[in-house]
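Biologist: Could we go through this structure together? I should like to begin with a single residue and then change topic.

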Amino acid sequence: QVHLVESGGGSVQAGGSLKLTCSVSGYRYNGCGMEWFRQAPGKERVSVAFIENSGVITYDDSVKGRFIASQDKTKNTLVLDMKNLKIEDTARYYCAAGVPKGRVCENHWGQGTQVTVSS
């Protein structure tokens, strides 16, 4: 069964940078994509970056120009390079792997890593 572990979170001042890493195991790559999500207290979990199987990446407008997602299938890792962090970026960040279920893709989640941005 697929297992994902996020790391690299921490506390940083506004304007700083962090690099998150997701280590993936037990995963068979397929037509489904992989994704970075984040969730702030009291708010819904939202997509930050969606990585299609083809390699095309779609970013949420709130992080465009500041975050860069990447995937290395040979190393079984996902990376989220975050720059010019803002207080609004404070959230728990999760990676997800899509697994085919019937005609749709079902996400499997890691436990997340906390990112806290202060003024």
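**Strand, disulfides and cavity**

Modeller: In this predicted model, His 108 has its place in strand E10, residues 104–109.

Biologist: Which side chain makes a polar contact with His 108?

Modeller: The side chain of Glu 106 does, at 3.5 Å. Leaving aside residues up to four places away in sequence, His 108 also touches Gln 1, Val 2, Leu 4, Cys 95, Ala 96, Ala 97 and Val 99.

Biologist: Cys 95, then. What does Cys 95 form a disulfide with?

Modeller: Its partner is Cys 22, with the sulfur atoms 2.1 Å apart. Cys 22 belongs to strand E3 and Cys 95 to strand E9, so the pair ties together parts 73 residues apart in sequence. The S-S torsion is about 65°, so this disulfide is right-handed.

Biologist: How many disulfides are there in the whole structure?

Modeller: There are two. The other joins Cys 32 to Cys 105, again with an S to S distance of 2.1 Å. Its torsion is about -90°, so it is left-handed.

Biologist: Is Cys 105 buried or exposed?

Modeller: Cys 105 counts as partly exposed because its relative accessibility is 49%. Cys 32, at 7%, counts as buried.

Biologist: New topic: how many cavities of 30 Å³ or more does the structure hold?

Modeller: One, with a volume of about 40 Å³. Its lining includes Cys 32, Tyr 27, Met 34 and Lys 73.

Biologist: What is the lining like by class?

Modeller: Five residues are nonpolar, four polar and two charged.

Terms used
Residues numbered from 1 in each chain as written. Predicted model: local features only at pLDDT ≥ 70, side-chain atom pairs only at ≥ 80, totals over all residues. Heavy atoms only, no water. Helix = DSSP H or I, 4+ residues; strand = E, 2+ residues; numbered from the N terminus. Polar contact = N/O pair within 3.5 Å; in protein donor to acceptor, adjacent residues only side chain to side chain. Contact = heavy atoms within 4.5 Å. 1 Å grid on protein atoms, 1.4 Å probe; cavity = no way out; pocket = protein on both sides within 12 Å on 5 of 7 lines; lining within 4 Å. Points joined across faces, edges and corners; volume = space filled by probe spheres on them. Nonpolar A, V, L, I, M, F, W, Y, C, P; charged D, E, K, R; others polar. Disulfide = S-S within 2.5 Å. Buried < 20%, exposed > 50% of the residue type's maximum accessible area, 1.4 Å probe, protein only.
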